[in-house]
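Let's take a walk through this protein together, from the overall fold down to individual side chains. Have the model open beside you as you read.

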Amino acid sequence: IGICMLGFGITLRSLAMIWAASNFSHEIRNDLSRHHKLVTSGVYAFCRHPSYLGFFAFAVGGQVLLGNFISSALFVFVLQKFFRERISIEEAILMKQYPKEYSQYRIKTWSGIPFSKN
């Protein structure tokens with residue numbers, strides 16, 4: 001299970017970065033450039049934050065592979081909190097930049113964070 005999670009996580013995170021191309025950044029950008037595009041196709045058609053889902057699967061999968069089940073549970077808790085906070089900031093920026101498009105996209109797609117309501 002751990003190896004599958006690791007493979008899934010690395011693959012999904014890589015695909016998210018490739019698919020978003022220049023729109024991808026490791027830093028939250030408060031002011032999006034005029035060249036920024038809202039990416040809703042490819043892996044982004046299935047969830048809004050595939051890179052975060054990939055990291056989540058990779059990090060928890062590593063702990064599962066090592067048999068660290070307490071750490072696995074702690075990783076789920078900590079990563080959920082971290083990504084929920086980060087996503088709320090990012091999505092506020094995207095709602096401001098693309099009010100109609102992002103609102104519709106948000107309704108149709110899962111955030112990508114396991115055990116999360118949105």
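What follows goes from the overall layout to a pair of helices, then to the salt bridges and a few single residues.

Please keep in mind that this is a predicted model. The protein chain has 118 residues, and its secondary structure comes to 4 helices and 0 strands. Read from the N terminus on, the elements run α-α-α-α. Helix H1 covers 2–20 and helix H2 covers 50–66, with a loop between them. Helix H3 takes in residues 69–97, and helix H4 takes in residues 99–108.

How much of the chain is buried? Of its residues, 42% count as buried. The contacts give another view of the fold: among those with a separation of 6 or more, 72% are between residues 24 or more positions apart.

Now turn to H2 and H3. Two packed helices are described by the angle between their axes and the distance between the axes. Here the axes come within 9 Å and cross at roughly 165 degrees. Angles over 145 degrees count as roughly antiparallel, and H2 and H3 are therefore roughly antiparallel to each other. In passing H3, H2 makes a right-handed crossing.

Which residues meet where these two helices come together? From H2, the residues are Tyr52, Phe55, Phe56, Ala59, Val60, Gln63 and Val64. On the H3 side they meet Phe69, Ser71, Ser72, Phe75, Val76, Leu79, Gln80, Phe83, Arg86, Ile87 and Glu90. If you colour these two sets on your screen, you can follow the contact from one helix to the other.

Next come the charged side chains. Side chains of opposite charge can pair when their charged atoms come close. How many salt bridges does a search of the whole structure find? The search finds 4, and three of them are described here, beginning with Arg48 and Glu91.

Arg48 forms a salt bridge with Glu91, and their closest N and O atoms are 2.6 Å apart. Arg48 sits in the loop between H1 and H2 while Glu91 belongs to H3, so this pair ties together parts that are 43 residues apart in sequence. Are the two partners buried or exposed? The cut-off for buried is under 20% relative accessible area; Arg48, at 4%, therefore counts as buried, and Glu91, at 5%, counts as buried too.

Arg48 has another partner to look for. A polar atom of its side chain lies 2.4 Å from the backbone oxygen of Thr109. So when you zoom in on Arg48, look for both the side chain of Glu91 and the backbone of Thr109.

Glu91 also forms a salt bridge with Arg106, with the closest N and O atoms 2.7 Å apart. Glu91 is in H3 and Arg106 is in H4, so the pair ties together parts that are 15 residues apart in sequence. Salt bridges that share partners join Arg48, Glu91 and Arg106 into one network. Within that network, Arg106 counts as partly exposed at 33% relative accessibility, whereas Arg48 is buried.

Another salt bridge links Glu85 with Lys81, where the closest N and O atoms are 2.5 Å apart. Both residues lie in helix H3, 4 residues apart, which is about one turn of the helix. Glu85 counts as partly exposed at 43% relative accessibility, and Lys81 is partly exposed with a relative accessible area of 43%.

Let's stay in H3 for Gln80, one of the residues that meet H2. Gln80 counts as buried at 11% relative accessibility. What does its side chain reach at 2.7 Å? The answer is the backbone oxygen of Pro114. Leaving aside residues up to four places away in sequence, Gln80 touches Phe56, Phe75, Ile113, Pro114, Phe115 and Ser116. Phe56 is in H2, and Phe75 is in H3.

Our last stop is Cys4, in helix H1. Is this residue buried or exposed? At 61% relative accessibility, Cys4 counts as exposed. Its C-alpha lies 9.1 Å from that of Ala57, although the two residues are 53 apart in sequence.

Terms used. Residues numbered from 1 in each chain as written. Predicted model: local features only at pLDDT ≥ 70, side-chain atom pairs only at ≥ 80, totals over all residues. Heavy atoms only, no water. Salt bridge = Lys/Arg side-chain N within 4 Å of Asp/Glu carboxyl O. Buried < 20%, exposed > 50% of the residue type's maximum accessible area, 1.4 Å probe, protein only. Polar contact = N/O pair within 3.5 Å; in protein donor to acceptor, adjacent residues only side chain to side chain. Axes fitted to C-alpha atoms, helices over the stretch in contact; angles between N-to-C directions. Parallel < 35°, antiparallel > 145°, perpendicular 65-115°, else oblique. Left-handed = near helix turned anticlockwise from the far one by under 90°. Contact = heavy atoms within 4.5 Å.
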